Amino acid sequence: MIEGILIGLDTALSLKNLMMVMIGCFSGTIIGMLPGLGPMTAIALMIPITYGFDPATGLILMAGVYYGAVFGGSTSSILINAPGVPGTVATSFDGYPMAQQGKAGKALAIAAYSSFAGGTISAIFLLIAAPSLSLVSLSFRSPDYFGLMILGLTAVAAFSSKGNFLKAMMMVVLGLMLASVGQDTLSDIPRFTFNNMNLSDGISFVLVVMATFAMSEALTIIFKANDPTRAAKQVSLSQLGSIKLDKVETKKMITTIPRSSVLGFIIGVLPGAGATIASFLAYGMERNFVNDEEKQKFGKGSVNGIAAPETANNAACSGSFVPLLTLGIPGSGTTAVMLGALLGFGIQPGPRLYQTNPEIFWSVIMSMYIGMVVLLILNLPLIPYIARVLATPRTFLIPLILFFSVTGVYLMSFNNFDIYMMIGIAVVATILRLYDFPMPPLILAFVLGGLMEENLRRSLLLSDGSWTFLWDRPLTFVIMLTIILIVGWQIYGSFFKNR
Amino acid sequence: MNISPSKLISLLFFIFSGFFLYTAHQIEVFAFDEGAAFNAKTFPIYLGYAGLVFSALFIILPETNPTNVDLKVLDYKKTVGLVILMILYGITILRAGYFLSTSIFLVLSYIVLGERKWIWIFLLSFPFVAIFMYLLHGLLNIYLRDPFLKFIGIMG
């Protein structure tokens, strides 16, 4: 492990990669700060640029963007009560009231220190957990992987559906359908191409991500006539107050951070849960842990109320890398985008990544820690200046997002057809978003589609066409049982429990 | 009879899944693969069935958490305007080149969305695209096809 850490440090501390961490954190903070634009959009917009780099550098840039976007999301939560990302909604419960008391700087500092601590502790957990799980996952077989992929898809659908599980499952199926367009990987037989040469290679991952996130988010803002920057115009973004914390506040954070880190990391590792669930659970847990006097302060600017969700959402970000790096199965929409980008580099994450590409495996882990330091040292003092981005008029913001989206796809293929298809998918995605059909399950399914089919193919061929492979191995059986429980519980909860 | 928009979307997805299933059955596999446990059309066929099942369940079962959207407040004009501009952008990007088509797309998009600060409109279009192109082409070495700039001799 020490050798791996040194390889990772060597790669992550190269001048180029350090620059990428800084650029990633900085641009992620700016994009994540803008309400409505989350880490997935931020990462999606970066993908075309990363193809100019080697895989390790590309992934380091994307990881930096991810952390930056989560940090940026908490800034808009605190300053204007408009969370940039769902994972920072819980931060606004106490962050915004504290900002209204004239202590915005303090609230931002608590968020930044907690994020740093949560990210650092969980990066250590990741350092320990990832190699161990990699070794364990070497014993996994195709049926286990197939089961894990279905588990990941159902879990993401369950957590992102807001009570509309069937809507999310339709999005899963749609994502898998889109992934099956193009030549079959084994036989090269064209499928759903309708004799169109442009479809023979399938639909590009970048195209789908750009269309369903960056472009459709921009169109949704216009369609709903939302102005995410309106609230920012009503507050002073340059006079945020002191960022210094006193002893009592520091003491409160010291007790909150360790427990929220552990909780956040565990939730992050679980497929589908991610930063949003982690932050809400940490907020709720913290409220139960503190004394009655402190409990009364929750919702009115409590230090613990900001520290807990901020620690947990950053810890969950690191945790979500565990299934991606060790199993090659992303547990969230954001890590699905990263998996898609890695596949674009020709790298298949999974248990063997640890052995075949140690520089990628370790440099990503190391760069996470460096990213945390960058966020704390660079972004926190710059917040009064960065926060002015919140006041960027949407009349400029939206066309620039559309421009980056079209450019991203154009750079991949220099083909008009891809641009038209992206616009078509974006329009459909905008309508679907309007009626709460979630997009993360679609992306996850699209990325996993090929791998899922391959593992199903192997499993069915090995079992001579029999579906008994789903319960032959104890591990597969347990996974399938969990899936049945999730699906059953979701359908029961959606349609019968509330009646 | 009133049908909620979500159910209508599900109905459309049901029809789409039916079409997907039909098309999946039409995939021509190799003769020796026809009776195999798994061939090129196996997975798509399962997907077609899954789409039918989930959409049918959504249509049949009662909707306990319906999504209400006030259609009157939606800004159709600007959204459709932007979509049309993007299509035109797609049409012109290969013919007129990246620089010209992107700059014009940005200028028109700002105007469609109601922006009238002309200095900012200019700065965030032609010079902005030029800097962006320099970053991509000059620094990151990412190839950008631009017949217009090639024609006037700026780009090789």
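This report walks through the fold of chain A, its contact with chain B, one helix pair and one residue, all in a predicted model.

## Overall build of chain A

Chain A is mostly a story of helices: there are 21 of them, plus two strands. Its radius of gyration is 22 Å, and the globule rule gives 23 Å for 499 residues, so chain A is as compact as a globular protein of that length. Along the principal axes, the C-alpha atoms take up a box of roughly 65 × 60 × 50 Å.

Of the 499 residues in chain A, 63% are buried. Then there's the reach of the contacts: take those with a separation of 6 or more, and 80% of them join residues 24 or more positions apart.

## Where chain A meets chain B

The contact between the two chains draws on 54 residues from chain A and 58 residues from chain B. On the chain A side, the elements giving two or more residues are helices H7 (165–179), H8 (205–223), H17 (394–413), H18 (416–434), H19 (440–462) and H21 (474–495). H17(A) puts in the largest share, with nine residues.

As for chemistry, this side of chain A splits into 35 nonpolar, 10 polar and nine charged residues.

## H1 against H16

Next up is a helix pair within chain A. Helix H1 (residues 2–12) packs on helix H16 (residues 358–386) at an angle of about 70 degrees, and their axes are 7 Å apart. An angle of 65 to 115 degrees counts as roughly perpendicular, so that is how H1(A) and H16(A) lie to each other. The crossing of H1(A) and H16(A) is right-handed.

From H1(A), the residues in the contact are Gly4(A), Ile5(A), Ile7(A), Gly8(A), Leu9(A), Thr11(A) and Ala12(A). H16(A) answers with Pro358(A), Glu359(A), Trp362(A), Ser363(A), Ile365(A), Met366(A), Ser367(A) and Ile370(A). Sorted by type, the residues of this contact come to nine nonpolar, five polar and one charged.

## A look at Val208

Val208(A) sits in helix H8 of chain A, one of the helices that give two or more residues to the side touching chain B. With 27 other C-beta atoms within 10 Å, Val208(A) is buried, because the cut-off for that is 20 or more.

Setting aside neighbours within four places in sequence, Val208(A) is in contact with Leu178(A), Ile203(A), Ile425(A), Ile443(A) and Phe446(A). Glu249(A) is another matter: it is 41 residues from Val208(A) in sequence, and the two C-alpha atoms are 45 Å apart in space.

Conventions: Residues are numbered from 1 along each chain as its sequence is written. Chains are lettered from A and ligands numbered from 1 in the order in which they are written. This is a predicted model: local features need pLDDT of at least 70, side-chain atom pairs count only at pLDDT 80 or more; totals for chains, interfaces and linings use all residues. Helices (H or I, at least four residues) and strands (E, at least two) are DSSP runs, numbered from the N terminus. The radius of gyration is taken over C-alpha atoms; the globule rule is 2.2 Å times the number of residues to the power 0.38. A residue is buried if 20 or more other C-beta atoms lie within 10 Å of its own, exposed if 12 or fewer, and partly exposed in between; C-beta atoms are placed from the backbone. Two residues are in contact if their C-beta atoms, placed from the backbone, lie within 7 Å. Ala, Val, Leu, Ile, Met, Phe, Trp, Tyr, Cys and Pro count as nonpolar, Asp, Glu, Lys and Arg as charged, and the others, Gly among them, as polar. Axes are lines fitted to C-alpha atoms, for helices over the stretch in contact, and angles run from 0 to 180 degrees between N-to-C directions. Angles under 35 degrees count as roughly parallel, over 145 as roughly antiparallel, 65 to 115 as roughly perpendicular and the rest as oblique. A crossing is left-handed if the near helix is turned anticlockwise from the far one by less than a right angle, and right-handed if clockwise.
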